[in-house]
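Trainee: I am new to this one and would like a close look at a single part. Please take me through it slowly, in one go.

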Amino acid sequence: MSTDTTGVRISNHAAESRYVATLDGHPVGTAAYERSDGSITFTHTVVDPHVEGHGVGSTLIRYALDDAREQHLAVVPQCEFVAAFIEDHPDYQALTA
């Protein structure tokens with residue numbers, strides 16, 4: 001689990017194939033994925049409208065991508081939010097499949 005300056009905590013719920021962002025113990029965002037041999041496909045990201053614009057989505061995706069990097073997984077950014085994040089952060093572009 002990870003915390004950053006937004007106070008958001010991120011965890012990987014592997015059994016549910018999703019990363020979950022919580023704030024004050026309440027879920028505020030998810031990043032769904034599908035795993036296959038050597039890759040992870042991010043299919044959908046959702047952030048609670050009450051916390052949009054406060055860095056929750058970016059914190060969530062940064063954690064998920066760092067986790068993918070640590071596991072040596074190629075990233076398939078099917079989700080538009082993940083694709084845009086990678087485009088805006090060149091240090092993650094090498095992860096894409």
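Trainee: Where does isoleucine 40 lie?

Mentor: Isoleucine 40 lies in strand β5. That strand covers residues 39-47. Some ground rules come before the details. This is a predicted model, in which local features need pLDDT of at least 70, side-chain atom pairs count only at pLDDT 80 or more, and totals for chains, interfaces and linings use all residues. Residues are numbered from 1 along each chain as its sequence is written, and side-chain values use heavy atoms, with hydrogens and water left out. Element names follow DSSP runs, numbered from the N terminus: helices are H or I runs of at least four residues, strands E runs of at least two.

Start with how far isoleucine 40 is covered. At 1% relative accessibility, this residue counts as buried. Buried means under 20% relative accessible area, exposed means over 50%, and partly exposed is in between (1.4 Å probe, protein chains only).

Now its neighbours. Leave out residues up to four places away in sequence, and isoleucine 40 touches Tyr19, Tyr33, Glu34, Arg35, Ala68, Leu73, Ala74, Val75 and Val76. Contact here means heavy atoms within 4.5 Å. Alanine 64 is 24 residues from isoleucine 40 in sequence. In space the two are 9.9 Å apart, C-alpha to C-alpha.

Isoleucine 40 also belongs to the largest nonpolar core. Such a core is a set of buried Ala, Val, Leu, Ile, Met, Phe, Trp, Tyr and Cys residues, joined through side-chain atoms within 4.5 Å. This one has 25 residues. Those with the most contacts inside it are Tyr19, Ile40, Phe42, Leu65 and Val75. Two or more residues come from each of β3 (18-23), β4 (26-36), β5, α1 and α2. Helix α1 gives the most, with six residues. There is a wider pattern: in soluble globular proteins, nonpolar side chains tend to be buried together.

Follow β5 to valine 47, which lies in the strand too. Valine 47 is buried, with a relative accessible area of 17%. It touches Val28, Gly29, Glu52, Val56 and Gly57, again not counting residues up to four places away in sequence. Leucine 23 is 24 residues from valine 47 in sequence and 11 Å from it in space, C-alpha to C-alpha.

Next comes aspartate 48, in the loop between β5 and α1. Aspartate 48 is partly exposed, at 27% relative accessible area. Its C-alpha is 10.0 Å from that of alanine 21, and the two are 27 residues apart in sequence.

What packs against β5? Among the answers are the buried residues of α2, which also pack against α1 (56-70) and β6 (74-77). Helix α2 covers residues 80-88, and its buried residues are Val82, Phe85 and Ile86. Seen down the axis of α2, they fall within an arc of 95°, so they line one face of the helix. The arc is that of the directions from the helix axis to the C-beta atoms. The face turned away from this buried side carries the exposed residues Glu80, Glu87 and Asp88. Alanine 83 lies in α2 as well. Alanine 83 is partly exposed, at 28%. Phenylalanine 42 is 41 residues from alanine 83 in sequence, but 9.0 Å from it in space, C-alpha to C-alpha.

Now set the two helices side by side. The axes of α1 and α2 come within 11 Å and cross at roughly 80°. The helices are therefore roughly perpendicular to each other. Gly57, Ser58, Ile61, Arg62 and Leu65 of α1 make the contact with Phe81, Val82, Phe85 and Ile86 of α2. By class, that contact has six nonpolar, two polar and one charged residues. For these classes, Ala, Val, Leu, Ile, Met, Phe, Trp, Tyr, Cys and Pro count as nonpolar, Asp, Glu, Lys and Arg as charged, and the others, Gly among them, as polar. As for the geometry, axes are lines fitted to C-alpha atoms, for helices over the stretch in contact, and angles run from 0 to 180 degrees between N-to-C directions. Angles under 35 degrees count as roughly parallel, over 145 as roughly antiparallel, 65 to 115 as roughly perpendicular and the rest as oblique.

Finish with one loop. Histidine 72 is found between α1 and β6. At 70% relative accessibility, histidine 72 counts as exposed. Its phi is near 60°, a positive value in a residue other than glycine.
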